[in-house]
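User: I am new to this structure and would like to go through it step by step. Could you take my questions in turn?

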Amino acid sequence: MEATNTKAKEQIEKEFKELKLSLPKAAWFENSAMVLYKSFWCPQYFLKGAITFQNYFEAQDGDIILASLPRTGTTWLKSLLYTIINRDNFSSQFSQHPFHTKNPHDLVLYLEGLDLSTIIVGNQPLPRLFATHLPYLSLSDSIKTSQCRIVYVCRNPLDTFVSLWHFYLQFERNKDIHPNMELMEEYIGKYCKGESPFGPYEDHLLGYWEESNRNPQKVLFLEYEGLKKEPKAHLKSLADFVGCPFSEEEEKQNVIDEIIKLCSLKSLKEMEVNKNGNFSPMVENKTFFRKGEVGDWTTHFTPSMAKQFHQMLRKLNKAGFSFTYYRMNL
Ligand code: PAP
């Protein structure tokens with residue numbers, strides 16, 4: 001086992017070094033360069049993890065994988081899924097819930113963030129719950145061939161961009177970069193061209209959406225805006241989909257409402273761990289919780305900025321996709 005691990009590590013290291021040199025690169029803010037890996041823009045920081053995940057992750061039939069693009073509601077879905085799946089371990093009032101001491105990202109890990117030994121040992125509590133930002137086509141084969149289930153969340157691209165913009169600006173705070181309209185327009189151009197972390201946006205969304213149409217038992221496709229509008233109905237379908245349906249008794253005891261309340265932006269934002277804790281040396285927990293508003297882009301974009309999204313939205317429409325819960329009047 002030890003020898004196999006060492007060999008695998010060497011193999012990953014070799015592939016990583018070769019790819020880092022040979023793949024096309026694109027800049028994304030100052031410290032977040034991306035490489036074009038298997039048709040998506042992989043932040044260089046995640047390249048080694050993506051290789052490890054693709055080659056060594058063995059999905060099990062009971063696994064649940066949350067897939068999303070960055071800033072589309074990942075933290076919210078991580079908290080909802082974690083709470084739904086583990087709800088028997090906590091009293092219905094959730095006063096002792098792990099969210100009081102841990103950020104949802106510390107409880108539901110990204111597959112592309114795991115090291116080789118964690119991926120291989122794979123002894124997380126059952127059912128195993130993971131997350132990923134990788135597109136459907138780039139998932140490890142065992143995810144596609146096993147009976148594991150995927151929950152995908154998307155969000156309208158304009159709000160997603162605004163959220164991403166604020167997220168990355170934090171890293172530039174003390175540097176020589178000015179968050180002006182010109183720079184924002186330039187980044188919208190990159191984003192709409194497909195050059196964004198784990199993008200192109202439309203390929204990511206369509207990959208999971210098409211698979212959810214082909215195989216609805218395998219992929220549950222959700223919209224952030226839908227969750228905001230009808231949280232209760234969405235929680236019920238989430239719980240059914242992951243095999244943990246709410247009983248009549250639970251419904252009577254308002255368990256669904258309690259989960260919605262516990263996982264709300266307001267509640268998570270106010271937890272001490274999210275006010276003052278850190279996810280990593282660079283990322284504070286508070287950056288995962290901002291405004292959570294639908295249509296926030298209207299307070300940021302000029303008409304010409306919004307227009308840049310036309311082509312992306314046309315591509316989605318042409319593929320037969322339109323957002324059920326949000327209409328954009330551009
Ligand atoms: P990540 O990729 O950095 O993990 P992700 O969680 O996917 O980000 O998305 C962050 C967005 O979800 C933020 O949106 P905003 O910038 O427009 O405000 C964040 O505020 C929002 N968000 C986080 N937690 C919740 C929640 N519990 N309910 C609703 N929205 C939330």
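User: How far does a polar side-chain atom of arginine 290 lie from an oxygen atom of the ligand?

Analyst: The model is a predicted one, and the distances discussed here are computed from it. The pair in question joins a polar atom in the side chain of arginine 290 to an oxygen atom of the ligand, and the separation is 2.7 Å.

User: What share of the ligand's exposed area does the protein bury?

Analyst: Taken alone, the ligand exposes 630 Å². Among the residues that come nearest to the ligand are Lys291 and Gly292, and serine 163 places a polar side-chain atom 2.5 Å from a ligand oxygen. Of the area that the ligand exposes alone, the protein buries 98%.

User: Which strands stand at the edges of the open sheet, and why is one side of each left without a neighbour?

Analyst: The open sheet has 5 strands with parallel pairing, in the order β5-β6-β4-β7-β8. A strand with a single partner has one side left without a neighbour in the sheet, and this applies to the two edge strands, β5 (109–110) and β8 (219–223).

User: Which residue in β6 does isoleucine 65 stand opposite?

Analyst: Strand β4, residues 64–68, runs parallel to strand β6, residues 129–132, and 4 bridges join them. Helix α9 packs on the sheet and touches both of these strands, as well as β7 and β8. Across the pairing of β4 with β6, the residue opposite isoleucine 65 is phenylalanine 130.

Technical notes:
Residues numbered from 1 in each chain as written. Predicted model: local features only at pLDDT ≥ 70, side-chain atom pairs only at ≥ 80, totals over all residues. Heavy atoms only, no water. Pairing = 2+ DSSP bridges. Helix = DSSP H or I, 4+ residues; strand = E, 2+ residues; numbered from the N terminus. Contact = heavy atoms within 4.5 Å. Axes fitted to C-alpha atoms, helices over the stretch in contact; angles between N-to-C directions. Near = heavy atom within 4 Å. Polar contact = N/O pair within 3.5 Å; in protein donor to acceptor, adjacent residues only side chain to side chain. Areas by Shrake-Rupley, 256 points an atom, 1.4 Å probe, with all protein chains shown as cover.
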